[in-house]
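Me: I'm new to this one and would like a close look at a single part of it. Could you take me through one helix and its surroundings, and start with the bigger picture so I don't get lost?

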Amino acid sequence: MSDKLTHVDKNGNANMVDVGDKNIIKRTAEAIGKIYLSKETLKLIEENNIKKGDVISVARIAGIMGAKQTSNLIPLCHNINIEKVSLDFALEEDGILIKSYLRCNYKTGIEMEALTAVSIAALTIWDMCKAVDKNMRISDITLLSKTKEI
């Protein structure tokens, strides 16, 4: 793997990578993250008693919308035609684990979209629960995998 920074030109200026000559191939990415919540907040979510509404459903929609806006949020990202976005949520004893899966056929990867989906879903949970939980923490947002098939 090259140690050359692809988003910096020879003069050190920010540069959007030219993918014009690359082949279109199937690409996937998975990301994961966690929002830590109190047991009381988790119970309210599980019972659908958060006043702003169904936390998981809204976070899922927000994550999908966030993935679709990645190129508007991250300055040097390419606008990718996303074919699939899914988000899974697992309620654990200390928080909610969020996992995204994305797929596209394009010239460059989809990992930033997978990471953005998890991040926006976690931020949405935060927004919906901030009135009842002042000690939330978002952590461990990480890329699990990225693949490309020719």
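Reply: Let's start with what the record says. UniProt, in an unreviewed entry, places the feature "domain: Molybdopterin cofactor biosynthesis C (MoaC)" at residues 16–148. What you see is a predicted model, so keep that in mind throughout. Over residues 16–148, 34% is helix and 35% is strand, and the end C-alpha atoms of that span sit 21 Å apart.

Now the whole chain. It has four helices and four strands, and reading along the sequence you meet them as β-α-α-α-β-β-α-β. The C-alpha trace spans about 50 × 30 × 25 Å along its principal axes. There are 150 residues, and 37% of them count as buried. The accessible surface comes to about 9,100 Å², with 51% of that belonging to carbon and sulfur atoms. How much of the contact set links residues far along the sequence? Among contacts with a separation of 6 or more, 74% are between residues 24 or more positions apart.

On to the close look: helix α1, residues 39–46. Which of its residues are tucked away? Thr41, Leu42 and Ile45 are buried. Looking down the axis of α1, the buried residues fall within an arc of 100 degrees, so they line one face of the helix. The general rule behind this kind of pattern is that an α-helix has 3.6 residues a turn, so residues three or four places apart point the same way. On the other side of α1, you'll find Lys39, Glu40 and Glu46, which are exposed.

What does the buried side pack against? The buried residues of α1 meet two helices, α2 (55–68) and α4 (111–129), along with two strands, β2 (82–92) and β3 (95–106).

Next, see what comes right after the helix. α1 is followed by Asn48, which belongs to the loop between α1 and α2. Most residues other than glycine have a negative phi. Asn48 has a positive one, near 55 degrees, and it isn't a glycine. As for its surroundings, Asn48 counts as partly exposed because its relative accessibility is 43%, between the 20% and 50% cut-offs.

Stay in that loop for a moment, because Ile50 sits between α1 and α2 as well and is worth a look. Is Ile50 buried or exposed? It is buried: its relative accessible area is 7%, and the cut-off for buried is under 20%. Leaving aside neighbours within four places in sequence, Ile50 is in contact with Leu44, Ile45, Val55, Met128, Cys129 and Val132. You've met Ile45 already, as one of the buried residues of α1. Met128 is a partner from much further along: Ile50 and Met128 are 78 residues apart in sequence, yet their C-alpha atoms are 7.4 Å apart in space.

With the helix and its loop covered, here are a few other places to compare. Leu73 is in helix α3, residues 70–73. Leu73 is exposed, with a relative accessible area of 51%, which clears the cut-off of over 50%. If you set aside its neighbours within four places in sequence, Leu73 is in contact with Gly66 and Thr116. Thr116 is 43 residues away in sequence, and the C-alpha atoms of Leu73 and Thr116 are 9.1 Å apart.

Strand β4, residues 137–149, is home to Glu149. Glu149 counts as partly exposed, at 43% relative accessibility. Its contacts, apart from neighbours within four places, are Ile25 and Lys26. The C-alpha atoms of Glu149 and Ile25 are separated by 6.0 Å, although their positions lie 124 residues apart along the chain. Asp140 is in strand β4 too. Its phi is near 60 degrees, another positive value in a residue other than glycine.

Last stop: the aromatic rings. How many aromatic pairs does the structure hold? Zero. There is a charge over a ring, though: Arg137 lies over the face of Tyr36, at 4.2 Å from the ring centre.

To pull the close look together: α1 has a buried face with Thr41, Leu42 and Ile45, and exposed residues on the other side. Just past the helix come Asn48 with its positive phi and then, in the loop, the buried Ile50.

Note on methods: Residues numbered from 1 in each chain as written. Predicted model: local features only at pLDDT ≥ 70, side-chain atom pairs only at ≥ 80, totals over all residues. Heavy atoms only, no water. UniProt positions renumbered as here; feature names shortened; annotations may be inferred. Buried < 20%, exposed > 50% of the residue type's maximum accessible area, 1.4 Å probe, protein only. Arc of directions from axis to C-beta. Contact = heavy atoms within 4.5 Å. Phe/Tyr/Trp six-rings, centres within 6.5 Å; stacked < 30°, edge-to-face > 60°. Lys NZ or Arg CZ within 6 Å of the ring centre and 35° of its normal. Areas by Shrake-Rupley, 256 points an atom, 1.4 Å probe, with all protein chains shown as cover.
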